[in-house]
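Biologist: Please take a close look at one part of this model for me and explain, step by step, how it sits against its surroundings.

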Amino acid sequence: MSSQSPALHTQSHRRYLQEALKLAREAQEAGSSPVGAVLVDADGEIVFRGRNRVGEAQTAEHVGDASVSHAEMDVFFQAGKLKDPESLTLYTSLEPCLMCGGASSLLQLGRLVWATGDAWGGSGRLIAWADHPAMRETEVVACPEPDLEHEGAALFAPEAKKAFPDEGWKLWQERYPVETAGID
Ligand SMILES: [Zn+2]
């Protein structure tokens, strides 16, 4: 086997973002926050699926019942030690928070793609332009599918209203005026 790492897959982002959104709805139905994530290898195969589990019990298979039981962490704990991380793409329904974005970059994932931006809690702008030497390898692709971006915004908006402080909700209202309208 060559010591060179396999390249990132070249397939469309769309179906992976749809899968992350599906997992986000599953999380919501289970009583957690609506966020989902999938890890995709160089061949375009989904190798791990994760979702937010903050509202559920911890199990042998999944981190749960903690403020840090985010979808991305669910994926990372399932995946264990990553082989060729730079060949992997993490797809999320929502722009990763500082913890999950930081973990993605420190793990040296090749690429990070999300359906919907998080104007309050998202870490994309830090990862994309970080001058921290440990955080310079991960490619960032924000909101490549406009209809899925709106779908994700509508799904997460009630949670943003509930979980974020007033200034965070205000940023969400500015970024997604249609999806945040009528939520109180
Ligand atoms: Zn997170």
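Modeller: Two residues are in contact here if their C-beta atoms, placed from the backbone, lie within 7 Å. This is a predicted model, in which local features need pLDDT of at least 70, side-chain atom pairs count only at pLDDT 80 or more, and totals for chains, interfaces and linings use all residues. Residues are numbered from 1 along each chain as its sequence is written.

Let us begin with helix 2 (helices being DSSP runs of H or I with at least four residues, and strands runs of E with at least two, numbered from the N terminus), whose buried residues pack against helix 1, strand 1, strand 2, strand 3 and helix 3, the last of these covering 98-106. The buried residues in helix 2 are Ala 71, Glu 72, Met 73, Asp 74, Val 75 and Phe 76, where buried stands for 20 or more other C-beta atoms within 10 Å of a residue's own, exposed for 12 or fewer, and partly exposed for anything in between. Just after helix 2, Gly 80 takes a positive phi of about 65°.

Helix 1, one of the partners of helix 2, has its own buried residues, namely Tyr 16, Leu 17, Ala 20, Leu 21, Leu 23, Ala 24, Ala 27 and Gln 28. Seen down the axis of helix 1, these fall within an arc of 160° (taken from the directions from the helix axis to the C-beta atoms), so they line one face of the helix. Their cover includes strand 1 (36-40), strand 2 (46-51), helix 2 (71-79), strand 3 (89-94), strand 4 (111-116) and helix 5. Just after helix 1, Gly 31 takes a positive phi of about 95°.

Helix 5, which helps to cover helix 1, leads us to another pairing, since Ala 157, Ala 160 and Lys 161 in helix 5 meet Gly 168, Trp 169 and Trp 172 in helix 6. Trp 120 also touches some of these residues, for its contacts, not counting residues up to four places away in sequence, are Ala 160, Phe 164, Gly 168, Leu 171 and Trp 172. Trp 120 lies in the loop between strand 4 and helix 4 (124-128), and it counts as partly exposed because it has 18 C-beta neighbours inside 10 Å. As for its place relative to helix 1, the C-alpha atoms of Trp 120 and Leu 21 are 19 Å apart, while 99 residues separate the two along the chain.
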